[in-house]
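Trainee: Could we go through this structure together, starting with the whole and then picking out one strand?
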Protein chains: 2
Amino acid sequence: MNIGVLGAGQLGRMLALAGYPLADRFVFLDPAGKPSAGIGEILVFSGEASDEDVLDDFLSRVDVVTYEFEHLPVDLVQAVERRKPVYPNSHALHVCQNRAEEKALFDRLSIPTPAYRLVSSPVELASAVRELGAPVVAKSITEGYDGKGQAVLHDAEEAAAAWQTIGHERLIVEAFVDFVREVSIIAVRGRDGRVAFYPMAENVHVEGILRYSLAPMPNLEPQVQQTADGYIRALLDELDYVGVLALELFQTRDGRLLANEMAPRVHNSGHWTLDGAVTSQFENHLRAIQGLPLGSTEARQPTCMVNVIGSEGEAAEILAIDDAHLHRYGKSERPGRKLGHVNLLASSHDELLGKVRDCASRLPEAPEPRFSFE
Amino acid sequence: MNIGVLGAGQLGRMLALAGYPLADRFVFLDPAGKPSAGIGEILVFSGEASDEDVLDDFLSRVDVVTYEFEHLPVDLVQAVERRKPVYPNSHALHVCQNRAEEKALFDRLSIPTPAYRLVSSPVELASAVRELGAPVVAKSITEGYDGKGQAVLHDAEEAAAAWQTIGHERLIVEAFVDFVREVSIIAVRGRDGRVAFYPMAENVHVEGILRYSLAPMPNLEPQVQQTADGYIRALLDELDYVGVLALELFQTRDGRLLANEMAPRVHNSGHWTLDGAVTSQFENHLRAIQGLPLGSTEARQPTCMVNVIGSEGEAAEILAIDDAHLHRYGKSERPGRKLGHVNLLASSHDELLGKVRDCASRLPEAPEPRFSFE
């Protein structure tokens with residue numbers, strides 16, 4: 001099948017690598033002008049009316065369209081949807097782009113979230129800080145990626161300054177959660193409505209950027225996985241979603257899960273599946289959007305994904321670790337840039353932790369790995 | 001690294017798919033005019049002197065050169081070798097192309113083979129049939145692939161006709177071996193001389209074409225693996241070989257191994273490693289030729305590779321089998337053509353055999369799977 005992908009970064013690259021063995025061919029439409037996929041055919045699309053030919057060309061070559069990042073103009077995706085099947089659908093994309101709609105959906109489906117308020121002025125922001133209790137995090141309703149367009153407020157008096165800094169008309173204000181760990185659930189829904197769930201991952205963020213994902217996460221009680229499965233299934237069904245969806249959550253001291261946000265695409269916290277699961281999230285996304293049966297989401301072994309950020313390190317040093325799998329994205333080095341990841345497998349979580357520490361010590365900019373179970 | 005590959009078929013395609021995650025880039029030089037890799041950049045090379053520019057262009061883009069099929073003109077590979085590092089080296093290629101030299105090497109290294117004779121006339125051929133005892137198989141010294149350029153003789157009187165049919169000046173005549181099964185050992189040698197061995201596979205050929213490879217092969221006694229490891233290590237060291245080498249052998253009723261032939265490249269009987277081993281033969285070949293540490297060759301689970309030959313079958317039916325992994329080569333259907341393969345994993349050989357039968361029933365042209373252990 002000819003697969004069109006909106007966006008042309010590392011997620012598209014990994015989709016293509018998973019798709020060649022299924023005899024898929026890939027055409028990327030890059031709306032950002034910075035393609036890095038380095039595979040398949042890449043068309044650059046400015047979004048201007050004068051670039052309509054590029055869009056036509058793209059659509060004429062593809063049987064089905066998907067996307068690898070969610071900061072796409074919804075009207076572009078709707079225009080594509082009128083001419084070719086698009087999975088996930090544009091409504092799902094729209095909801096995921098808008099934190100107010102996303103939270104409303106969580107509420108409607110009884111998926112618990114941290115306490116939050118929607119505010120439209122500095123005064124309302126100050127009230128929200130008082131009601132929720134400082135500290136809080138204020139975020140723009142739309143946009144925002146990896147900590148941008150956000151501010152932490154420690155006092156209601158900081159409202160005016162924070163309002164200014166964020167610079168949006170409507171914000172969502174969230175109470176801080178006293179969480180034990182950040183976790184995620186990734187699931188995939190086929191065109192026939194069947195759903196498969198990956199084992200949950202424990203995620204370690206540093207300065208808003210994912211650094212480590214460990215799956216199946218340690219001390220994963222079956223009812224916690226079942227609860228997460230139930231939440232993401234409700235979202236998938238409600239959105240009539242096809243493909244991979246990621247839901248990030250907080251786990252509290254008493255074991256409860258609170259939904260943070262979702263991403264309508266293959267997700268960094270699912271990269272461990274490339275080596276650690278029977279079927280990777282990339283292959284399952286492609287199986288789903290083509291109407292093929294979903295593959296098993298079982299983990300082969302405890303696996304940890306270590307993001308390679310800012311500088312690559314030496315391939316020879318990383319590959320000297322037993323059962324280490326390097327995935328480079330072919331991008332140039334730049335501070336804070338995701339350049340690749342390493343998947344490490346081991347027969348126990350303790351052994352795995354040793355490998356993760358070893359790997360981190362071989363990556364120039366990896367922070368010390370700190371998981372909840374240590 | 002920029003990797004140049006001589007040949008542009010499915011083996012090159014799978015090398016490239018394994019190499020993108022290492023940030024390798026691929027340029028193929030196709031000397032056969034029928035590229036099917038469908039990935040990377042492909043240059044078509046006629047071999048004529050007038051095509052020298054194409055070769056120059058190829059060499060200017062690559063850091064290291066390897067090949068994915070052994071029926072290459074040795075002088076072409078030597079010409080490449082004078083300008084860029086080539087792994088495996090042209091001497092290894094030369095030996096693998098010449099059955100007389102190959103057998104002489106086996107003899108020199110005390111690697112047992114079926115009894116054989118080299119003959120240069122119909123009269124000598126008739127004598128060889130009498131000495132070895134019919135039936136025998138006569139093969140041209142050079143060329144020959146998948147049963148071409150060969151004849152089976154059941155009587156010395158067939159010598160003249162067989163000589164005519166094969167149409168070469170020098171033949172090798174081999175005694176038939178009363179083997180229990182056909183097996184293979186695949187190993188990889190790094191630029192530093194380190195060697196890693198994959199667990200042996202049992203191979204099922206039908207009409208000279210590989211149909212099934214099962215690894216680790218059932219009833220694999222440690223000393224049999226050690227013997228095979230010793231044989232292939234001797235070959236690798238003697239040839240100062242870098243990359244993946246495959247050695248096909250017969251196993252006799254009393255457990256002995258007799259070398260049949262070797263292939264200086266990634267091999268069809270190693271395709272199971274894509275899903276069943278910690279590191280695939282493709283990745284390990286790339287690690288070797290780049291001077292990177294070799295990855296673990298351990299099997300994750302018993303795995304069977306089922307070749308898809310002649311017609312594709314329905315992807316949806318194949319992928320409905322649990323832990324089935326489809327690898328299509330993006331080629332058009334044609335009788336006898338290798339179009340792809342399916343890797344099946346299971347926790348036991350019995351369970352695996354059930355899956356193999358199930359998979360074969362879903363492939364239009366798969367013969368009944370028959371292994372030695374049933």
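Mentor: Here is a walk through the overall build of the chain and then one of its strands, with the reminder that this is a predicted model.

Trainee: Okay, how many helices and strands are in chain A?
Mentor: Chain A has 12 helices and 17 strands. Its radius of gyration is 20 Å, close to the 21 Å that the globule rule gives for 374 residues, so chain A is as compact as a globular protein of that length.

Trainee: And what box do the C-alpha atoms fill?
Mentor: Taken along the principal axes, the C-alpha atoms of chain A fill a box of roughly 55 × 55 × 40 Å.

Trainee: How much of chain A counts as buried?
Mentor: Of its 374 residues, 60% count as buried, and the accessible surface comes to about 14,300 Å², with 46% of that belonging to carbon and sulfur atoms.

Trainee: Switching to charge, how many positive and negative side chains are there?
Mentor: There are 35 positive and 54 negative side chains in chain A, and the centres of the two sets lie 2 Å apart.

Trainee: Now strand 4 of chain A: are its faces covered or open?
Mentor: Both faces of strand 4, residues 64-67, are covered, since A:Val64 and A:Thr66 on one side are buried, as are A:Val65 and A:Tyr67 on the other.

Trainee: Why do the side chains split between two sides like that?
Mentor: In a regular strand the side chains alternate between the two faces of the sheet.

Trainee: In which sense does strand 1 pair with strand 4?
Mentor: Strand 1 of chain A, residues 2-6, pairs with strand 4 of chain A in the parallel sense over four bridges, and A:Gly4 stands opposite A:Val65 of strand 4.

Terms used: Residues numbered from 1 in each chain as written. Chains lettered and ligands numbered in written order. Predicted model: local features only at pLDDT ≥ 70, side-chain atom pairs only at ≥ 80, totals over all residues. Heavy atoms only, no water. Helix = DSSP H or I, 4+ residues; strand = E, 2+ residues; numbered from the N terminus. Rg over C-alpha atoms; globule rule 2.2 N^0.38 Å. Buried < 20%, exposed > 50% of the residue type's maximum accessible area, 1.4 Å probe, protein only. Areas by Shrake-Rupley, 256 points an atom, 1.4 Å probe, with all protein chains shown as cover. Lys, Arg positive; Asp, Glu negative; His and termini not counted. Charge placed at Lys NZ, Arg CZ, Asp CG, Glu CD. Pairing = 2+ DSSP bridges.
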